[in-house]
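Colleague: I am new to this structure, and I would like to start with one part rather than the whole. Please take me through one chain closely, step by step.

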Amino acid sequence: MGEWMTVTDPDLSSESKNICQYTSETKMSPSSLYSQQVLCSSIPLSKNVHSFFSAFCTEENIEQSISYLDQELTTFGFPSLYEESKGKDTKRELNIVAVLNCMNELLVLQRKNLLAQENVETQNLKLGSDMDHLQNCYAKLKEQLETSRREMIGLQERDRQLQCKNRNLHQLLKNEKDEVQKLQNIIASRATQYNHDMKRKEREYNKLKERLHQLVMNKKDKKIAMEVLNYVGRADGKRGSWRTGKTEASFFLRNEDEMYKILLNDYEYRQKQILMENAELKKVLQQMKKEMISLLSPQKQKPRERADDSTGTVISDAEEDAGELSRESMWDLSCETVREQLTNSIRKQWRILKSHVEKLDNQVSKVHLEGFNDEDVISRQDHEQETEKLELEIQQCKEMIKTQQQLLQQQLATACDDDTTSLLRDCYLLEEKERLKEEWSLFKEQKKNFEKERRSFTDAAIRLGLERKAFEEERASWLKQQFLNMTTFDHQNSENMKLFSAFSGSSDRDSLTVHSRPRQKKPHGVSNGSPVCTSKLTKSLPASPSTSDFCQTRSCASAHSSINVLNITPEETKPNQVGREGTNQKWSMASRPGSQEGCYSGCSSTYTNSHVEKDDLP
Amino acid sequence: MNFSEVFKLSSLLCKFSPDGKYLPRQLRITVWSLCTKSVSYIKYPKACQQGIAFTRDGRYMALAERRDCKDHVSVFVCSDWQLLRHFDTETQDLAGIEWAPNGCVLAVWDTCLEYKVLLYSLDGRLLSAYCAYEWSLGVKSVAWSPSSQFLAVGSYDGKVRILNHVTWKMITEFGHPATVNNPKIVVYKEAEKNPRLALGRLAFPPPRAAAGPASTTESKYEVASAPVSLQTLKPVADRANPRIGVGALAFSPDNYFLATRSDSVPNAVWIWDIQKLRLFVVLEQLSPVRSFQWDPQQPRLAICTGGSKVYLWSPAGCVSVQVPGEGDFQVLSLCWHFSGDSLALLSKDHFCLCFLETGERVGTAFGRPGDHT
């Protein structure tokens, strides 16, 4: 600014003087000086300027001023103001065109300069504001730096203080520890001192006690502190004596023995208790193991890939453990290896169980957290779908059943078609027909049996008639003989009559049994030969059943009809009947012991034989 | 046998052996046979709290001795007073010995200045030594369980430690805090029953219970709800034998319960369930508990506090019974009969026999020591 000023100063004398005056009066900032200058220079129409301009060129010095201006302009590079001189001495004429051109040039120049000035001024302003800003920033940063430095100093101070404290505390701790150690040493030394003193005092005390004893003993001899009334004396009047002084070896040993016995009993008892407890605990452990195995083993049926390893081990474990169990139960020892095996196997099972439970927990938590994209969730969905399907099926089936029932009822109620009704009736009657057939067959069989029996009865009746006839003939002959023998004894007729009556009675009974015999005999006609009954009739008196023939024993049994009543109710009539066993024969016998026993046993033996036979036949 | 003479002379120094035949005396052990008129002396017995111990079956007697400033224990066979075993113990100053009920183990404990419990077998071998802590005051009281399974050690730190007979190591410890927080524990507090003045029913003459002096008021037990705080006694710090620690221990005969008394909570009796190893019941009386003893046949505890009442507790409940009689009967100690049917209550110069019937009636009979009854 100043430079600009000084350049223009000498050129424009009055102008510059004014400017100097102007500027010297106002000491302002360069920017304001600039603005003043611009004002001054850019306003040519003010009064001051007019006077300013008129001050340079007046009417008297036109030529001088023209020449001066021409000089100046030529120095500046402008063309001359004068016209081109024709001769050297003639006065140069003012070239107005040149003057105007120069003026124009000067104006243009002036404008340029003004623009440049403006630019410079704005730049100046900008730089000034930037400078201000930077200075502010600088001031702020300086402040911040200051404060942070102060903080740092403060923190350092605190750190130092804390370290001091720490050191002090360490020192205190060390002091305390030293004190404790010192006190402990003191205590130990005092303890030894006290012990020593106590020992000394004890010795003194013992000495005094002994002295006291001695003194007291002297007095004590005179009087016994205890008076024993109603004393039961010994036989020889002497006092009993203790055996404390004499250490008899036998007594000593006996005492020792007793003591050791007591100790041993105690130890044995305790060991028993402990063994029992051990056994119980082992049982519990084994049970637990079994249960754990059973819990884990069903899992192997479900197709879970993750559990494959564990199930594999489970299976192998189960096999191992089965062997172990058998071994253990056999031995039931408490040796190290067995114990270890048991505990190890239980630990394994427990681990497997735990991992399984954890997996289940994880799955459950996954189900809760995640959506429907997990495999396990899908499986559950499958389950649900399946259950739904099944339910639908069930419902359909139920409906079908209902409809069928309805249809059936309808058809039962109303007779729609003859064919259908007949068909239906046929359906219903089939069962009845079959039943009837069965019953018919039964009936037929029974009829056959009855026929057979009737025939046998008729035969028996015929035989009976024949036998009766024979019997009558015999009787007649016997009577004849008797009569002939007993002609001399008339008074015995009454006896004969009695005999006759008795005999007839017995013969009646015999006849009855004989009648019943063939009936009973008949079912066993297959197994037995033709009965030989007539000959046996003569043996009406006791005869032992030597043969194992069923019929014969029966006959002999029936011969003792006065005593025996043999009821046989055979339920099976034929051995070739289907579906019946041979166990339905009943015996009810009211037999007299003694002579009948052999018969009974014979009968029972034959019964069993026949029983066996009957079983074989079907 | 002039017993009165004996009691006067030796007063508290005599001890009967379990079969009642021998009567040793302290100072120098004089063993009197009551059957044969013979006397025997044993030197150097130890004058400590519990220097003589008989086994339950009366076979053996253990005696604590001190010779040449060392503690020894001698075991005698009671039938002929033969010395069976003599061994020294590793104690500083033996305070007491006690046989286990099975007669095979002897527990020996040291002075209260050192916590040490030693267990010796019948033949003198050291089975185990137990020490819970050092430097503080140690063992105050010791009790065996009737099955010999447990040894309860009560110490000055207010805790009872239970040792088991297999490893002789501690299985649990019971503390005695001043407040009971667990609601499962029943706390019975003794409360005074005010003599009821029945309005509109004045009986003439007034009932005998009210005829006594004012101090003999009826009392009953009330169940207090958790949390319960018990009365504590602050011990004097600079005196010897401070009133802290577990001073009394007793197992019930069926081995189910352990009754303890902590001297810093002197009014309370703590009953522990040994099956579950936890506190079962706390009984708080109005005055400090003097002594308690279990019925030898069933789990029934009788407590006396120096007042004129005796208190009975059983798992079914508890009751406080006034001792009837003229004047003030201060029950200072009590003693059950072996059959568990009767209880002897001792005061300063009287004693009272209390009969327990299967009905709720409690009968009493009075006597005086020295009477020929």
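Modeller: Gladly; here is a walk through chain B, from its overall make-up to its sheets, a hairpin, a loop residue and a charged pair.

A word on conventions first. This is a predicted model, in which local features need pLDDT of at least 70 and side-chain atom pairs count only at pLDDT 80 or more, while totals for chains, interfaces and linings use all residues. Residues are numbered from 1 along each chain as its sequence is written, chains are lettered from A and ligands numbered from 1 in the order in which they are written, and side-chain values use heavy atoms, leaving out hydrogens and water.

Chain B has two helices and 31 strands; these are DSSP runs numbered from the N terminus, with at least four residues for helices (H or I) and at least two for strands (E). Of its 373 residues, 50% are buried. Here buried means under 20% relative accessible area, exposed means over 50%, and partly exposed lies in between (1.4 Å probe, protein chains only). The chain exposes about 18,400 Å², and 53% of that comes from carbon and sulfur atoms; such areas come from the Shrake-Rupley method with a 1.4 Å probe, and for residues only the protein chains shown count as cover. Among contacts in chain B with a separation of 6 or more, 43% are between residues 24 or more positions apart, a contact being heavy atoms within 4.5 Å.

Now to the sheets. Strands E4-E5-E6-E7 of chain B, in that order, make an open sheet of four strands with antiparallel pairing; two strands pair if DSSP finds at least two bridges between them. At the edges are strand E4 (52-54) and strand E7 (82-88), each pairing on one side only. On average, neighbouring strands here are turned by 20° against each other, direction ignored. For such angles, axes are lines fitted to C-alpha atoms, for helices over the stretch in contact, and values run from 0 to 180 degrees between N-to-C directions. E4(B) runs antiparallel to strand E5 (residues 60-67), and three bridges join them. One pair to find on screen is B:Ala53 with its bridge partner B:Ala62 in E5(B). The other chain comes in here too: helix H7 (residues 249-296) of chain A packs on the sheet and touches E5, strand E6 (70-77) and E7 of chain B. The direction of this helix makes about 65° with that of E7(B).

Another open sheet of four strands in chain B has the order E8-E9-E10-E11, with antiparallel pairing. Strand E8 (94-99) and strand E11 (126-130) each have a single partner strand, so one side of each is left without a neighbour in the sheet. The average turn between neighbouring strands of this sheet is 20°, direction ignored. Inside it, strand E9 (residues 105-110) and strand E10 (residues 117-121) are antiparallel and joined by five bridges, with B:Leu106 opposite B:Tyr120 in E10(B).

Further along, look at strand E28 (residues 333-336) of chain B. Its side chains alternate: B:Leu334 and B:Trp336 point to one face and are buried, whereas B:Ser333 and B:Cys335 point to the other and are not. Four bridges pair E28(B) with strand E29 (residues 342-346) in the antiparallel sense, and B:Leu334 has B:Leu345 as its bridge partner in E29(B). Five residues lie between the strands of this hairpin, where B:Gly340 takes a positive phi near 80°.

Next, a loop. B:Asn255 sits between strand E20 (246-251) and strand E21 (257-262) of chain B, yet B:Asn255 is buried, at a relative accessible area of 15%. Neighbours within four places in sequence aside, B:Asn255 touches B:Ser145, B:Pro146, B:Ser147, B:Gln149, B:Phe150 and B:Ile274.

Finally, the charged side chains. Side chains of opposite charge can pair when their charged atoms come close. Over all chains, a search of the whole structure finds 23 salt bridges, each being a side-chain nitrogen of Lys or Arg within 4 Å of a carboxyl oxygen of Asp or Glu. One of them joins B:Arg161 and B:Asp157, at 3.0 Å from N to O. B:Arg161 is buried at 5% relative accessibility, while B:Asp157 is partly exposed at 34%. Elsewhere, salt bridges with shared partners join B:Arg66, B:Asp71, B:Asp93 and A:Glu202 into one network.
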